[in-house]
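Colleague: Mind if I quiz you on this one? I'd like to hear the reasoning behind the labels.

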Amino acid sequence: MKVLFVCLGNICRSPAAEGVFIHLLEKRGLSEQFTVDSAGTSGFHAGERADSRMRDHASRRGIELPSLSRQFVAKDFNIFDWIIVMDDSNFKNCARLANDEEQKAKLIKMADLCPNFSENEVPDPYYGGAAGFERVLDMVDEGCINLLEKLNG
Ligand code: 4NP
């Protein structure tokens with residue numbers, strides 16, 4: 001099973017989701033069954049490590065973020081089984097690169113996996129403070145647990 005997490009810059013939200021999901025798979029002994037990656041709809045930060053603030057907040061929860069930023073490309077629809085986007089803009093930008101409805105159906109909004117959160121999107125923490133980074137981690141924590149449940153039964 002191949003899972004790709006997508007946000008705008010691929011330096012905050014999607015690297016966090018990738019790291020949290022990898023950590024969860026390790027805890028459950030399921031790492032071998034999954035390929036996990038992340039990407040950004042923009043290439044602004046291509047080649048960069050995750051934002052140091054995002055890495056610090058994740059690290060305090062025992063989660064490392066191995067991601068190097070890269071841009072999402074249409075070919076990702078051929079490679080990945082599921083593509084988890086962080087907000088509506090990510091959804092739209094990925095959807096317009098899909099070849100057909102079958103590819104479009106691979107898109108899942110992370111917020112739809114977070115029934116205990118009122119947000120309809122994972123809020124972009126880039127221009128905000130510490131609370132925003134914590135909120136991202138809280139949301140993707142729940143979302144990743146529910147994602148694994150959905151994919152693994
Ligand atoms: P991300 O956050 O999409 O969660 O990685 C952002 C990172 C950088 C920018 C915007 C959002 N930016 O405008 O550079």
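Colleague: What makes a backbone N or O atom of N10 a polar contact of the ligand?

Modeller: Keep in mind that this is a predicted model. A backbone N or O atom of N10 is 3.3 Å from a ligand oxygen. The cut-off for such a pair is 3.5 Å, so this one counts.

Colleague: Which side chain has a polar atom by a ligand oxygen, and why does that pair count?

Modeller: That's R13, with a polar side-chain atom 2.8 Å from an oxygen of the ligand. The pair is within 3.5 Å, so it's a polar contact too. L8 joins in through its backbone, where a polar atom is 3.0 Å from a ligand oxygen.

Colleague: How much of the ligand does the protein bury?

Modeller: 91% of the 350 Å² that the ligand exposes when taken alone.

Colleague: How do you know which residues are around the ligand?

Modeller: Each needs a heavy atom within 4 Å of the ligand. The residues that pass include C7, I11, C12 and Y127. By class, this shell has 6 nonpolar, 3 polar and 2 charged residues.

Colleague: Why do you say the ligand sits in the largest pocket?

Modeller: The test is that more than half of a molecule's atoms lie within 2 Å of the pocket's grid points. The ligand's space is the largest pocket, so the label fits. That pocket has a volume of about 170 Å³.

Colleague: And what lines the largest pocket?

Modeller: 13 residues, with L8, G9, H45, D124 and Y126 nearest its centre. The lining has 7 nonpolar, 4 polar and 2 charged residues.

Terms used. Residues numbered from 1 in each chain as written. Predicted model: local features only at pLDDT ≥ 70, side-chain atom pairs only at ≥ 80, totals over all residues. Heavy atoms only, no water. Polar contact = N/O pair within 3.5 Å; in protein donor to acceptor, adjacent residues only side chain to side chain. Areas by Shrake-Rupley, 256 points an atom, 1.4 Å probe, with all protein chains shown as cover. 1 Å grid on protein atoms, 1.4 Å probe; cavity = no way out; pocket = protein on both sides within 12 Å on 5 of 7 lines; lining within 4 Å. Nonpolar A, V, L, I, M, F, W, Y, C, P; charged D, E, K, R; others polar. Points joined across faces, edges and corners; volume = space filled by probe spheres on them.
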